[in-house]
Amino acid sequence: MAIETPKRVHSEPVVVNIGPQHPSTHGVFRLKATLDGEIVQDVDMLIGYLHRSMEKLAEERTFTQNIPFTDRIDYLAAMSNNLSYCLAVEKLAGIEVPLRGQWLRVLFAELQRIASHAMANGTFVNDCGAWQTPLMYMFREREKILDLFEMTCGARLTTNYMRIGGVAFDPPLELWPALCSLLDEMPDRLEEYAALTVDNEIVLARSKGVGVVSAEAALNASLSGPLLRGSGVPWDLRKADPYCVYDQLDFDIPVGRDGDCYDRFRVRLEEVRQSVRILNQVVERIPGGPWQAEVPLHLRPAAGEAYARIESPRGELGFYVVSDGGPTPWRFHCRAPSLINLSALKEMTVGRSLADAIVTLGSIDIVVGEIDR
């Protein structure tokens, strides 16, 4: 007598809203998932809960007054946002940044990358269910970096440190020994992170083969940052389109192989190692001299437009600025990597479990301030 294989019974689809206020959404973001049991059939990403009309407000403020707005676009990487916007205005106005100012920009951009990746990887491991120990370990170094920011400009999160023409202040003398002490500790700390996470059974089970995006799909969706490099594409603007003094520095571009959540996690972990390598070179080679160019208090760039981009912790961060010859931008627009990277979430999650969708969202490392401007 033949035994029939039982057929899977499909239940009526259920719509589940995760957010807009939920720990798994990493900010004020709503994930509307249509489920068949635990399997995701469809996903809608609903944004706008944090919209502040920042780009329109920037048209009513001077070019310099807009720098604090950039802090609040990606509040986990304020230094990077400051830098990209200042590069755009400098390109528009034809301003040359002194050499020391460029090296200081690289110094703080790479410190910001380490701090941001500590947040991304720590919360990702937490999303995987590997509890909070790695998160606390990574926050230990993040706190030390924020202390360096506070020591330099008086702020830890929304730094407002970069200036059109350079940086606001030359770092105090006490920053350098504190920075060197941190850099001496980092190789051991990175080994500690790896021991806790890289071969962790929970991390492997929850992230390997989950949220896969192919190199072709990543390129077609204009993805960037660790999300793109995790799919095996070695694209990093610090190498592909160098700015500041990155063309004078020696570092590698970590890439993944499978394009899954685990590869994106590993890419960020290795990028921290490369940032430490860059910072050691900066400490050894930073020149003396002025750190800021002389820029008119009421800057009025000639009519025209400019776009400048950098490799932020989340990917290609660009600012498009248009001047009509007045003291304020005629147009101010941000090319935010979080918004574009989020567009791939549906393809990465449909057909898998809801639990996998949460891990996948965590691996993208969005900041909702970038999405809702």
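How many bridges join strand β8 to strand β9? There are nine, and the two strands, residues 304-312 and 315-323, run antiparallel. This is a predicted model, and the points below walk you through its cores, its open and closed spaces, and a few residues worth finding on screen. A good element to pick out early is helix α4, residues 99-127, which gives the most to the largest nonpolar core.

**The β8-β9 pair**

- A hairpin of two residues takes the chain from β8 to β9.
- To see one of the bridges, look at Ala308, whose partner in β9 is Phe319.

**The nonpolar cores**

- The largest nonpolar core holds 81 residues, and the members that touch the most others are Leu107, Phe108, Leu111 and Tyr161.
- Helix α4 supplies twelve residues to this core.
- Phe108 is a handy place to start exploring: beyond the residues up to four places away in sequence, Phe108 touches Met79, Phe149, Thr152, Tyr161, Met162, Pro171 and Leu175.
- Another core, of 26 residues, lies apart from the largest one, and its members include Ile18, Ala217, Leu345 and Ile364.
- As background, nonpolar side chains tend to be buried together in soluble globular proteins.

**The largest pocket**

- The volume of the largest pocket is about 190 Å³.
- Its lining is made up of His26, Gly27, Tyr75, Leu76, Met119, Ala120, Thr123, Leu361, Gly362, Asp365, Ile366 and Val367.
- Two elements, α4 and α14 (354-364), each give two or more residues to that lining.
- Helix α4 gives the most to the pocket lining, with three residues.

**The cavity**

- Searching the whole structure turns up one cavity of 30 Å³ or more.
- The largest cavity encloses about 60 Å³ of space.
- Around the largest cavity you will find Ile114, His117, Ala118, Asn121, Met138, Glu141, Met186, Tyr193, Leu269 and Val272.
- Helices α4, α5 (133-153), α6 (175-197) and α11 (261-285) are the elements that give two or more residues to this lining.
- Helix α4 provides the largest share of the cavity lining, with four residues.

**Helix α14 and what follows**

- Helix α14 is mostly covered, with ten of its eleven residues buried.
- The buried residues of α14 are Leu354, Asp356, Ala357, Ile358, Val359, Thr360, Leu361, Gly362, Ser363 and Ile364.
- Two of these, Leu361 and Gly362, also line the largest pocket, while Ile364 belongs to the core of 26 residues.
- Just after α14 comes Asp365, with a positive phi of about 65°.
- Asp365 is itself part of the pocket lining.

**Two residues of helix α12**

- Ser338 sits in helix α12, residues 337-342, and Ser338 counts as buried because its relative accessibility is 1%.
- A polar atom of the Ser338 side chain lies 3.1 Å from the backbone nitrogen of Val367.
- Setting aside neighbours within four places in sequence, Ser338 is in contact with Arg314, Asp365, Ile366, Val367, Glu370 and Ile371.
- Asn341 also lies in helix α12, and its relative accessibility is 2%, so Asn341 counts as buried.
- The side chain of Asn341 reaches the backbone oxygen of Arg314 at 3.1 Å.
- A polar atom of the Asn341 side chain also lies 3.2 Å from the backbone nitrogen of Ser224.
- Beyond its neighbours within four places in sequence, Asn341 is in contact with Leu223, Ser224, Leu227, Arg314 and Ile364.
- Arg314 is therefore a contact of Ser338 as well as of Asn341, two residues that both count as buried.

**Ala194 in helix α6**

- Ala194 is found in helix α6, and Ala194 counts as partly exposed because its relative accessible area of 21% falls between the cut-offs of 20% and 50%.
- Apart from neighbours within four places in sequence, Ala194 is in contact with Asp199 and Leu269.
- Leu269 is also one of the residues that line the largest cavity.
- The C-alpha atoms of Ala194 and Arg105 are separated by 29 Å, and the two residues are 89 residues apart along the chain.

Notes
Residues are numbered from 1 along each chain as its sequence is written. This is a predicted model: local features need pLDDT of at least 70, side-chain atom pairs count only at pLDDT 80 or more; totals for chains, interfaces and linings use all residues. Side-chain values use heavy atoms; hydrogens and water are left out. A nonpolar core is a set of buried Ala, Val, Leu, Ile, Met, Phe, Trp, Tyr and Cys residues joined through side-chain atoms within 4.5 Å. Buried means under 20% relative accessible area, exposed over 50%, partly exposed in between (1.4 Å probe, protein chains only). Contact means heavy atoms within 4.5 Å. A polar contact is a pair of N or O atoms within 3.5 Å; within protein, one must be able to donate a hydrogen and the other to accept it, and residues adjacent in sequence count only if both atoms are side-chain atoms. Two strands pair if DSSP finds at least two bridges between them. On a 1 Å grid over the protein atoms alone, a cavity is a set of points where a 1.4 Å probe fits but cannot get out, and a pocket is an open set with protein on both sides within 12 Å along at least five of seven lines; lining residues have an atom within 4 Å of a point. Grid points are joined across faces, edges and corners, and a volume is the space filled by probe spheres set on the points.
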